[in-house]
Amino acid sequence: MRHTLLVIITLLTLCAASCSRHYDRRLTAAEDIMAEHPDSALSMLQAIDRSTIESDKDRALYALLMSQALDKNFIYVTDDSLISIAYDYYSSHDDKHRHMLSQYYLGRVSLNAADYPRSLFLFFKTMQEAKELDDPFWIGMTARNIRDTYDDTYNNMEALEYARISYENMLRTGKKPYID
C-alpha cells in the first residue's frame, strides 16, 4: 500500500511538472542578469528571433523583459505596443510581481510619451500593488516616477512628497545607488 501511494505521488508530481510548462530558458537567463547587467540582457533578448517564441506565456515575458531592458539602457520608448502584450497577459494571470512590473513599464512608456494622466494612473496602481507585495524597492521606484510626473507638470508640492516616499523606501532596501 505504501509503495503504491509513493508511486501515485511520484506520477502526479511528474505530471504536474510536465503540464506546467516553464518559461523559455533564453528568457529566464536574460531575466536573471537584468538587474546587474541590463546591457547584456538587452543583447540576449535582441538575439532571440521573436517568431521562435511559441507560447503566450513566453511572449508576455519577452515583452516585459525587452521593455525593461530598453528602459534600463536609457532607450526611451513612447509606443506601448510591446509592453501592452505583457500587461494584457499578466492582467489575466496570477503572477502579481510580473503584473506589477508590466504596469510599471507601461507607466514608463506613458511618461515618455508625455501622457501624464495615464502615467499617474498606472503608477498609482503600481504603487498599490508594490505595497501589497511589501516591496520597498518597487514602492520607491514607482514613487520616483510619480515625482517625475509631478515635476514635469509643475506640481512641486506633490513632487516633493513623492521624492520623500521614494527616498524612505530606498533606504529600506539598502541599495546605495538608488538611495543616492
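Colleague: At what relative accessibility does glutamate 161 count as partly exposed?

Modeller: First, this is a predicted model, where local features need pLDDT of at least 70, side-chain atom pairs count only at pLDDT 80 or more, and totals for chains, interfaces and linings use all residues. Residues are numbered from 1 along each chain as its sequence is written, and side-chain values use heavy atoms, with hydrogens and water left out. Buried means under 20% relative accessible area, exposed over 50%, and partly exposed in between (1.4 Å probe, protein chains only). Glutamate 161 falls in that middle class, at 33%.

Colleague: Which residue forms a salt bridge with glutamate 161?

Modeller: A salt bridge here is a side-chain nitrogen of Lys or Arg within 4 Å of a carboxyl oxygen of Asp or Glu. The partner is three residues away in helix H9, so about one helical turn separates the two; helices are DSSP runs of H or I, at least four residues, and strands are runs of E, at least two, numbered from the N terminus. With its closest N and O atoms 2.4 Å apart from those of glutamate 161, the partner is arginine 164.

Colleague: How many residues apart in sequence are the parts that arginine 172 and aspartate 134 tie together?

Modeller: Their side chains meet in a salt bridge at 3.3 Å, N to O. Arginine 172 belongs to helix H9 and aspartate 134 to the loop between H7 and H8, so the sequence gap between the two parts is 38 residues.

Colleague: And aspartate 24, is that one buried or exposed?

Modeller: Aspartate 24 makes a 2.7 Å salt bridge (N to O) with arginine 26. Arginine 26 is partly exposed, at 34%. Aspartate 24 has a relative accessibility of 16%, so it counts as buried.

Colleague: What is the secondary structure of the chain?

Modeller: Along the sequence the pattern runs α-α-α-α-α-α-α-α-α-α. In total that comes to ten helices and zero strands.

Colleague: How far apart are the end C-alpha atoms of helix H8?

Modeller: The expected span of a helix is 1.5 Å times one less than its number of residues. For the 17 residues of H8 (136-152) that should give 24 Å, and the model agrees because its end C-alpha atoms are separated by 24 Å.

Colleague: How many of the 17 residues of H8 are buried?

Modeller: Among the buried ones are Phe137, Trp138, Ile139 and Tyr150. They pack against H6, H7, H9 and H10, with contact meaning heavy atoms within 4.5 Å. H8 is mostly covered, and its buried count is twelve.

Colleague: Which element gives the largest share of the largest nonpolar core?

Modeller: A nonpolar core is a set of buried Ala, Val, Leu, Ile, Met, Phe, Trp, Tyr and Cys residues joined through side-chain atoms within 4.5 Å. This one has 47 residues, of which Leu45, Tyr90 and Trp138 touch the most other members. Elements giving two or more residues include H2, H3, H4 and H5. The largest share is nine residues, from H4.

Colleague: Where is tyrosine 154, the one with the positive phi?

Modeller: Most residues other than glycine have a negative phi. Tyrosine 154 has a phi of about 60°, and its side is exposed, at 70% relative accessible area. It sits in the loop between H8 and H9.

Colleague: Over which residues does pLDDT stay under 50?

Modeller: pLDDT is the predictor's confidence in each residue, from 0 to 100. The chain averages 91, and 88% of the residues score at least 70. The stretch under 50, with one contact beyond four places in sequence, is residues 10-20.
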